[in-house]
Amino acid sequence: GEITPLKAGTTTITAIAAASAEYREAKASFVLTVTDSAAGAVTKVDKKATITFGTNNVKINAASVTANDDCSNSWTITTVGTTSFTAQPTYYQVGSGSKPATSITFTTTLPSDAEVGSIEAKFGGFSGTAGSVSLKVGDTSVGSGSLNGTTDVTVSSNTTVAGNVVTVSITGISKGVKCYNIKVGYKTAE
């Protein structure tokens, strides 16, 4: 006979049993219930959100700034300890040699079903700039690094963590910090 693809639900199949004449004549009916193990499952898509700082991008020009990344996730940027903010074409300078920030914190809340797979945060400095960079998803630390004078650094993590609150922080800062961008790779329902 024909083979028809089965869909989730209940399908009645009429079959002729080969084993016994009694069943062959009765054309026994069987009820077959087909369940789709993926029924109700949500397909998640990969997203890569980027927030970029600089003259024509997001400006960090006050102690507390709120801005969206390119996936419309809202970020709160909080700076403690300085009133010095300087726009540059490809970065925003927070603090200076005479007015360094104590800390800078970047926080976003992704969709509630998010699963974060990667974080990259690019920062730089000037001669003598120092600071510790930390990457977190919720309360889970997923990466860390250090500012190193005039060398630009990208602190990254490729640890997959279920969670939707991403925090990048810089502490123990001396001198000014160049804030370039933060990229977050995550999966969420479409």
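This is a short tour of strand β8, its partner strands and the loop leading up to it, in a predicted model.

**Stop 1: β5 and β8.** Select residues 103-109, which make up β8, and residues 74-80, which make up β5. The two strands run antiparallel and are joined by 6 bridges. To see one of the pairings up close, pick Thr 79 and look across to Ile 104 in β8, its bridge partner.

**Stop 2: β8 and β14.** Keep β8 on screen and add β14, residues 165-174. This pairing is antiparallel too, with 7 bridges between the strands. Click on Phe 106, then on Val 168 in β14: these are bridge partners.

**Stop 3: Thr 109.** Now zoom in on Thr 109, which lies in β8. Is Thr 109 buried or exposed? Neither, quite: Thr 109 has a relative accessible area of 48%, so it counts as partly exposed, the cut-off for exposed being over 50%. Show what surrounds Thr 109 and, leaving out neighbours within four places in sequence, you'll find contacts with Asn 73, Ser 74, Asn 164 and Val 165. Try a distance label to Val 166 as well: C-alpha to C-alpha, Thr 109 and Val 166 are 6.4 Å apart, though 57 residues separate them in sequence.

**Stop 4: Ser 96.** Step back to the loop between β7 (92-94) and β8, where Ser 96 sits. Ser 96 has a relative accessible area of 15%, so it is buried; the cut-off is under 20%. Turn on side chains and follow the one from Ser 96 to the backbone nitrogen of Lys 99, 3.1 Å away. Beyond its neighbours within four places in sequence, Ser 96 also touches Ser 84, Lys 175 and Gly 176, so select those last.

Methods
Residues numbered from 1 in each chain as written. Predicted model: local features only at pLDDT ≥ 70, side-chain atom pairs only at ≥ 80, totals over all residues. Heavy atoms only, no water. Pairing = 2+ DSSP bridges. Helix = DSSP H or I, 4+ residues; strand = E, 2+ residues; numbered from the N terminus. Buried < 20%, exposed > 50% of the residue type's maximum accessible area, 1.4 Å probe, protein only. Contact = heavy atoms within 4.5 Å. Polar contact = N/O pair within 3.5 Å; in protein donor to acceptor, adjacent residues only side chain to side chain.
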